[in-house]
Amino acid sequence: MKASKIAYRPVGLVLGAAGGMLAAAAFRRTWKMIEHDKDAPDATDEDRAWPEILVAAALQGAIFAVVKAAVERAGATATRRLTGTWPA
């Protein structure tokens with residue numbers, strides 16, 4: 001295993017955690033804009049209909065995927081700038 005990959009691992013973990021918090025905040029904010037101050041439904045929320053739960057899950061997944069890709073790419077780009085090597 002390359003030394004740059006080993007050195008990048010803790011950075012990747014921190015970036016992943018920060019990205020997860022950013023994505024969660026973005027989803028909550030987006031859902032409140034869509035549903036006007038209602039909290040997002042849980043899959044087991046019996047007071048919510050199937051379509052609402054599935055739309056919320058799809059939106060949450062899309063937001064998390066975009067944020068994850070953006071954070072990972074930014075981290076790899078910054079690592080290349082600092083070290084001269086790509087961390088993969």
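1. Helix 1 and helix 2 each contribute at least two residues to the lining of the largest pocket, and this is a convenient place to begin reading the structure, which is a predicted model. The volume of this largest pocket is about 150 Å³. Its lining consists of Y8, G12, L15, G16, G19, G20, A23, F64, V67, K68, V71 and E72. Helix 1 gives the largest share of that lining, with 7 residues.

2. The largest nonpolar core can be read alongside the pocket, and it is made up of 7 residues, namely A23, F27, W31, A56, I63, V67 and V71. Helix 1, which spans residues 3-35, and helix 2 are the elements that give two or more residues to this core. The largest share of the core, 4 residues, is supplied by helix 2, whereas for the pocket lining the largest share comes from helix 1. Among the residues named in the core are A23, V67 and V71, and A23, V67 and V71 are also listed in the lining of the largest pocket.

3. Within the core, I63 deserves a separate look, since a reader may wish to follow its contacts in the model. If neighbours within four places in sequence are left aside, I63 is in contact with A23, A26, F27 and T30. Of these partners, A23 and F27 are named together with I63 as residues of the largest nonpolar core.

4. How many aromatic pairs does a search of the whole structure find? The search finds 1. This pair is formed by F27 and W31, whose ring centres are 6.2 Å apart and whose planes meet at 35°, so the pair is classed as tilted. Both residues lie in helix 1, where they are 4 residues apart, or about one turn of the helix. F27 and W31 are both buried, and both are included in the largest nonpolar core.

5. The salt bridges come to 6 in total, and several of them can be described individually. One of these joins the side chains of E35 and K38, with an N to O distance of 3.8 Å. E35 is partly exposed, having a relative accessible area of 25%, and K38 is likewise partly exposed, having a relative accessible area of 36%.

6. A further salt bridge links R48 with D45, and here the closest N and O atoms are 3.7 Å apart. R48 is buried, with a relative accessible area of 18%, while D45, at 24% relative accessibility, counts as partly exposed. R48 also forms a salt bridge with E52, in which the closest N and O atoms are 3.1 Å apart, and both E52 and R48 are buried. Through salt bridges that share partners, E35, K38, D45, R48 and E52 are joined into one network.

7. The loop between helix 1 and helix 2 contains P41, and D42 is found in that loop as well. Is P41 buried or exposed? At 12% relative accessibility, P41 counts as buried, because the cut-off for that class is under 20%. D42, by contrast, is exposed, with a relative accessible area of 53%.

8. The positions of these two loop residues can also be described by C-alpha distances. D42 and I53 are 11 residues apart along the chain, and their C-alpha atoms are separated by 6.9 Å. P41 and V55 are 14 residues apart in sequence, and their C-alpha to C-alpha distance is 9.8 Å. Not counting residues up to four places away in sequence, P41 touches W31, R48, E52, I53 and A56. These contacts connect P41 with two topics raised above, in that W31 and A56 are named in the largest nonpolar core, while R48 and E52 belong to the salt-bridge network.

9. The last point concerns T79, which is placed in helix 2, a helix that covers residues 50-83. At 12% relative accessibility, T79 counts as buried. When residues up to four places away in sequence are not counted, T79 touches Y8, G84, T85 and P87. Among these contacts, Y8 is also one of the residues that line the largest pocket.

Definitions and conventions: Residues numbered from 1 in each chain as written. Predicted model: local features only at pLDDT ≥ 70, side-chain atom pairs only at ≥ 80, totals over all residues. Heavy atoms only, no water. Buried < 20%, exposed > 50% of the residue type's maximum accessible area, 1.4 Å probe, protein only. Contact = heavy atoms within 4.5 Å. Core = buried A, V, L, I, M, F, W, Y, C linked by side-chain atoms within 4.5 Å. Phe/Tyr/Trp six-rings, centres within 6.5 Å; stacked < 30°, edge-to-face > 60°. Salt bridge = Lys/Arg side-chain N within 4 Å of Asp/Glu carboxyl O. 1 Å grid on protein atoms, 1.4 Å probe; cavity = no way out; pocket = protein on both sides within 12 Å on 5 of 7 lines; lining within 4 Å. Points joined across faces, edges and corners; volume = space filled by probe spheres on them.
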